[in-house]
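Here is a short briefing on one protein chain. Look at the structure first, then read the points by topic.

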Amino acid sequence: MTHNLFDSLQDLTISEGKSSKYYSLPALETRIRCLPLNFAG
């Protein structure tokens, strides 16, 4: 079972009869307002 984090899990059709799923960064961006750019401080 996959986890649909913030409704960001999208379907991807690879070819006829084949598909996959991926997490969409633009969909995550609408839910997460600020991400740290540098963890070193």
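Helices (H or I, at least four residues) and strands (E, at least two) are DSSP runs, numbered from the N terminus. By that count, Ser-24 falls in the loop between strand 2 and helix 1, with helix 1 covering 25–31. The model is a predicted one. Its chain holds one helix and two strands, in the order β-β-α from the N terminus.

**Overall picture**

- The protein chain has 41 residues, and buried residues make up 12% of them.
- Its accessible surface comes to about 4100 Å². Carbon and sulfur atoms hold 57% of that surface.
- Take the contacts with a separation of 6 or more: residues 24 or more positions apart account for 9% of them.

**The hairpin**

- Strand 1 covers residues 9–15, and strand 2 covers residues 18–23.
- The two strands run antiparallel and are joined by six bridges.
- Together they form a hairpin, with two residues between the strands.
- Gly-17 sits in the turn and has a positive phi of about 85°.
- Across the pair, Leu-12 of strand 1 faces Ser-20 in strand 2.

**The salt bridge**

- How many salt bridges does the structure hold? There is one.
- Its partners are Lys-21 and Asp-11. The closest N and O atoms are 2.5 Å apart.
- Asp-11 belongs to strand 1 and Lys-21 to strand 2, so the pair ties together parts that are 10 residues apart in sequence.
- Lys-21 is partly exposed, at 46% relative accessibility.
- Asp-11 is exposed, with a relative accessible area of 58%. The cut-off for exposed is over 50%, so 58% puts Asp-11 in that class.

**Ser-8 and Ser-24**

- Ser-8 lies in the segment before strand 1.
- Is Ser-8 buried or exposed? Ser-8 is buried, because its relative accessible area is 0% and buried means under 20%.
- A polar atom of the Ser-8 side chain lies 2.5 Å from the backbone oxygen of Leu-5.
- Which residues does Ser-8 touch, leaving aside neighbours within four places in sequence? They are Tyr-22, Tyr-23, Ser-24, Ala-27 and Leu-28.
- Ser-24 is one of those contacts. Ser-24 also counts as buried, at 10% relative accessibility.
- With neighbours within four places set aside, Ser-24 is in contact with Ser-8 and Gln-10.

**Phe-6 and Asp-7: positive phi before strand 1**

- Phe-6 lies in the segment before strand 1, and so does Asp-7.
- Phi of Phe-6 is near 55°, a positive value in a residue other than glycine.
- Asp-7 is not a glycine either, and its phi is positive at about 55°.
- Phe-6 is partly exposed, with a relative accessible area of 40%.
- Asp-7 is exposed, with a relative accessible area of 52%. Exposed means over 50%, so Asp-7 meets the cut-off.

**A nonpolar surface patch**

- Which residues form the nonpolar patch on the surface? They are Leu-5, Phe-6 and Tyr-23.
- Together these residues have about 270 Å² of accessible area.
- Patch residues need over 30% relative accessible area, so Phe-6, at 40%, clears that cut-off.
- Two of these residues also appear in the points on Ser-8: Leu-5 supplies the backbone oxygen, and Tyr-23 is among the contacts.

**Arg-31 and the segment before strand 1**

- Arg-31 is in helix 1.
- Arg-31 is partly exposed, with a relative accessible area of 47%.
- Which residues does Arg-31 contact, leaving aside neighbours within four places in sequence? They are Phe-6 and Asp-7.
- Arg-31 and Asp-7 are 24 residues apart along the chain. Their C-alpha atoms are separated by 9.2 Å.
- Phe-6 thus has two roles here: a member of the nonpolar patch and a contact of Arg-31.

Methods: Residues are numbered from 1 along each chain as its sequence is written. This is a predicted model: local features need pLDDT of at least 70, side-chain atom pairs count only at pLDDT 80 or more; totals for chains, interfaces and linings use all residues. Side-chain values use heavy atoms; hydrogens and water are left out. Buried means under 20% relative accessible area, exposed over 50%, partly exposed in between (1.4 Å probe, protein chains only). A polar contact is a pair of N or O atoms within 3.5 Å; within protein, one must be able to donate a hydrogen and the other to accept it, and residues adjacent in sequence count only if both atoms are side-chain atoms. Contact means heavy atoms within 4.5 Å. Accessible areas come from the Shrake-Rupley method with a 1.4 Å probe; for residues, only the protein chains shown count as cover. Two strands pair if DSSP finds at least two bridges between them. Patches are made of residues with over 30% relative accessible area and no salt bridge: like charges are joined within 9 Å, nonpolar side chains (Val, Leu, Ile, Met, Phe, Trp, Tyr) within 5 Å. A salt bridge is a side-chain nitrogen of Lys or Arg within 4 Å of a carboxyl oxygen of Asp or Glu.
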